[in-house]
Amino acid sequence: MTDNENRDGGTSGRASRSSQETGSESSENPVDLAVLERDSVFSVLNDRRRRYVLYALAEDPEWTLQELATRLVAWEEGVEDDDVGAHCRERRYISLYHTHLPKLADEDVVEFDADAERITSGERAAEVIEFLAAVE
């Protein structure tokens, strides 16, 4: 028995993965597109700050970057929006601008106008917010 054969005479998963990677069996093992869609939703929801952005969008479908940064700090720190300090707001602003909003925009969850610093609900926002509500 070779390394690639199992006791029933078939091949091991290692050989199957190898042929899938080369594409020789791609017609026999099609990729489930629904799984890819779930993966993108899970990727979006994987980060707490991105979930907070979704909560904010559920409240109001349009935000300025300053407003959104303030709201996230308030939620994360358990304080009122008026009690958020400039330093904390600036750190959250940078995190949103460079990391979280581009990720959400790539997945069509938000529309992010970096020049105007405006965030609005994207094409997939309702779908992802609904999914988030269902799992919490």
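Let's start with a helix pair. Helix α3, residues 48-59, packs against helix α6, residues 125-135. The angle is about 110 degrees, and the axes are 10 Å apart. That makes α3 roughly perpendicular to α6. Who makes the contact? From α3, we have Arg51, Leu54, Tyr55, Leu57 and Ala58. From α6, we have Val128, Ile129 and Leu132. Sort them by class and the contact of α3 with α6 has 7 nonpolar residues, no polar ones and 1 charged.

Before going on, a word on the source. This is a predicted model.

Now the overall layout. The chain has 136 residues, and 30% of them count as buried. Its secondary structure comes to 6 helices and 3 strands. Reading from the N terminus, the order is α-α-α-β-α-α-β-β-α. On contact order: take the contacts in the chain with a separation of 6 or more. Residues 24 or more positions apart account for 49% of those.

Back to α3, and its other partner here. Helix α4 covers residues 65-77. The axes of α3 and α4 come within 10 Å and cross at roughly 115 degrees. Perpendicular runs from 65 to 115 degrees, so α3 counts as roughly perpendicular to α4. The crossing of α3 and α4 is right-handed. On the α3 side, the contact uses Arg48, Arg49, Tyr52, Val53, Tyr55, Ala56 and Glu59. On the α4 side, it uses Leu68, Arg71, Leu72, Trp75 and Glu76. By class, the contact of α3 with α4 splits into 7 nonpolar, no polar and 5 charged residues. Note Tyr55. This α3 residue is in the contact with α6, and Tyr55 is also in the contact with α4.

Next pair: α4 and α5. What do we need to describe it? Two packed helices are described by the angle between their axes and the distance between the axes. Here the axes of α4 and α5 come within 8 Å and cross at roughly 110 degrees. The two helices are therefore roughly perpendicular to each other. α4 passes α5 in a right-handed crossing. The contact list is long, so I'll split it by helix. α4 gives Leu65, Gln66, Leu68, Ala69, Thr70, Leu72, Val73, Glu76 and Glu77. α5 gives Cys88, Arg89, Arg92, Tyr93, Leu96, Tyr97 and Leu101. In class terms, the contact of α4 with α5 has 10 nonpolar, 2 polar and 4 charged residues. Leu68, Leu72 and Glu76 of α4 are on this list, and they are on the α3 list too.

One residue on α5 for a closer look. Arginine 91 lies in this helix, which spans residues 86-106. Is arginine 91 buried or exposed? Neither: the relative accessibility is 47%, so arginine 91 counts as partly exposed. Arginine 91 and alanine 69 are 22 residues apart in sequence. In space, their C-alpha atoms are 8.5 Å apart.

Now the sheet. In what order do the 3 strands run? The order is β1-β3-β2, in an open sheet with antiparallel pairing. The edge strands are β1, residues 62-64, and β2, residues 110-113. Each of these pairs on one side only. The twist averages 15 degrees from one strand to the next.

Take the pairings one at a time. β1 and β3, residues 118-121, pair in the antiparallel sense over 3 bridges. Tryptophan 63 stands opposite isoleucine 119 in β3. And α4 comes back here. This helix packs on the sheet and touches β1, β2 and β3. Its direction makes about 90 degrees with that of β1.

On to the other pairing. β2 and β3 run antiparallel, joined by 4 bridges. Glutamate 111 stands opposite threonine 120 in β3. These two strands form a hairpin, with 4 residues between them. For anyone checking backbone angles: glutamate 117 sits in the turn and has a positive phi of about 55 degrees.

Last residue: aspartate 113, found in strand β2. With a relative accessible area of 37%, aspartate 113 is partly exposed. Aspartate 113 and threonine 64 are 49 residues apart in sequence. C-alpha to C-alpha, they are 9.6 Å apart in space.

To close, α4 is the helix to keep in view. It contacts α3, it contacts α5, and it packs on the sheet.

Definitions and conventions:
Residues numbered from 1 in each chain as written. Predicted model: local features only at pLDDT ≥ 70, side-chain atom pairs only at ≥ 80, totals over all residues. Heavy atoms only, no water. Axes fitted to C-alpha atoms, helices over the stretch in contact; angles between N-to-C directions. Parallel < 35°, antiparallel > 145°, perpendicular 65-115°, else oblique. Contact = heavy atoms within 4.5 Å. Nonpolar A, V, L, I, M, F, W, Y, C, P; charged D, E, K, R; others polar. Left-handed = near helix turned anticlockwise from the far one by under 90°. Buried < 20%, exposed > 50% of the residue type's maximum accessible area, 1.4 Å probe, protein only. Pairing = 2+ DSSP bridges.
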